[in-house]
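Work through the exercises below with the sequence and the 3D view at hand. Try each task before reading its solution.

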Amino acid sequence: MTGRADRTNDTTGRRAGYARWQATFDRWKAVASRYALLPLRLFLGITFVYAAFDKLTDSAFFAADGSGSIGETMRAVRDSSAIPALVDLALKNPAGFGYAIAFGELAVGIGTLLGLYARVAALGGALISLSLWLTVSWQVNPYYLGNDLAYLMSWLPLLLAGASVLSVDRFLADRRRRIS
């Protein structure tokens with residue numbers, strides 16, 4: 001008799017242990033799902049801020065010609081880009097185009113890090129990445145070695161989902177709900 005009772009208690013104990021484990025796992029899964037896009041947001045935000053500062057602190061970058069200049073880069077990729085007219089537009093004012101890219105990257109990076117107008121920032125990041133892919137990275141063969149296409153694809157989840165945690169957007173949304 002005691003053998004059967006011990007087996008029943010043992011089975012009941014295993015079921016209770018499994019239920020506790022399952023509940024813990026479900027809580028962790030919910031937290032992981034909630035914060036899943038945060039590492040991507042941090043990576044893209046930091047990368048775009050860094051890229052902006054890299055351009056803004058490099059005096060050669062904004063020159064119309066010369067080694068490391070935006071003008072030289074645009075002339076080098078003009079004939080191999082998907083949209084040569086976009087490159088021609090940049091070549092009309094290479095310094096202006098360089099500043100537009102640098103300040104665009106800075107705004108996108110800061111907006112992404114803070115989660116301020118996160119979807120707008122993600123759209124800006126996607127458009128910058130798309131323009132760079134269609135011009136500078138277009139000739140990279142095979143295509144998956146070009147990083148601008150990977151950045152473009154990385155912006156899409158943030159464009160669709162926004163910044164739902166640890167963001168100014170979430171803070172403002174919560175505040176509006178409390179006031180209403």
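The exercises cover helix packing, one buried residue, salt bridges and unusual backbone geometry.

The model is predicted, so local features need pLDDT of at least 70 and side-chain atom pairs count only at pLDDT 80 or more, while totals for chains, interfaces and linings use all residues. Residues are numbered from 1 along each chain as its sequence is written, and side-chain values use heavy atoms, with hydrogens and water left out.

**Exercise 1. Describe how helix α2 packs against helix α5.**

Step 1: locate the elements. Helices are DSSP runs of H or I with at least four residues, numbered from the N terminus. Helix α2 covers residues 38-56 and helix α5 covers residues 94-114.

Step 2: take the geometry. Axes are lines fitted to C-alpha atoms over the stretch in contact, and angles run from 0 to 180 degrees between N-to-C directions. The axes of α2 and α5 come within 7 Å and cross at roughly 150°.

Step 3: name the orientation. Angles under 35 degrees count as roughly parallel, over 145 as roughly antiparallel, 65 to 115 as roughly perpendicular and the rest as oblique. The crossing angle therefore makes α2 roughly antiparallel to α5.

Step 4: give the hand. A crossing is left-handed if the near helix is turned anticlockwise from the far one by less than a right angle, and right-handed if clockwise. For α2 and α5 the crossing is left-handed.

Step 5: list residues in contact (heavy atoms within 4.5 Å). On the α2 side they include L42, I46, V49 and F53, and on the α5 side they include Y99, F103, L106 and I110.

Step 6: sort by class. Ala, Val, Leu, Ile, Met, Phe, Trp, Tyr, Cys and Pro count as nonpolar, Asp, Glu, Lys and Arg as charged, and the others, Gly among them, as polar. The contact of α2 with α5 has 17 nonpolar, three polar and three charged residues.

**Exercise 2. Do the same for α2 and α7.**

Step 1: the two axes are 10 Å apart, and the packing angle is about 130°. The two helices are therefore oblique to each other.

Step 2: the crossing of α2 and α7 is left-handed.

Step 3: from α2, L40, R41, F43, L44, T47 and F48 take part, and they meet Y151, S154, W155, P157 and L158 of α7. By class, that contact holds eight nonpolar, two polar and one charged residues.

**Exercise 3. Is K55 buried or exposed, and which residues does K55 touch?**

Step 1: K55 belongs to helix α2.

Step 2: buried means under 20% relative accessible area, exposed over 50%, and partly exposed in between (1.4 Å probe, protein chains only). With a relative accessible area of 17%, K55 is buried.

Step 3: leaving out residues up to four places away in sequence, K55 touches F61, F62, I101, A102 and E105.

**Exercise 4. How many salt bridges are there, and where do E72, R78 and R170 find their partners?**

Step 1: apply the rule, a side-chain nitrogen of Lys or Arg within 4 Å of a carboxyl oxygen of Asp or Glu. The count is six salt bridges.

Step 2: E72 pairs with R75 at 3.9 Å, N to O. Both lie in helix α3 (residues 70-77), three residues apart, which means about one helical turn between them. E72 is partly exposed at 37%, and R75 is partly exposed at 40%.

Step 3: R170 pairs with D174 at 3.8 Å, N to O. They are four residues apart in helix α8 (residues 168-179), again about one helical turn.

Step 4: R78 pairs with D79, with the closest N and O atoms 3.2 Å apart. R78 is partly exposed at 28%, whereas D79 is exposed at 69%. A network of salt bridges links R78, D79 and D88.

**Exercise 5. Where is the cis peptide bond, and which residues other than glycine have a positive phi?**

Step 1: recall the background. Most residues other than glycine have a negative phi, and most peptide bonds are trans.

Step 2: the cis bond joins N141 and P142, with omega about 0°. P142 sits in the loop between α6 (118-135) and α7 (147-161).

Step 3: Y117 has a positive phi, near 50°. Y117 is in the loop between α5 and α6 and is exposed at 60% relative accessibility.

Step 4: L166 also has a positive phi, about 50°. L166 is in the loop between α7 and α8 and is exposed at 59% relative accessibility.
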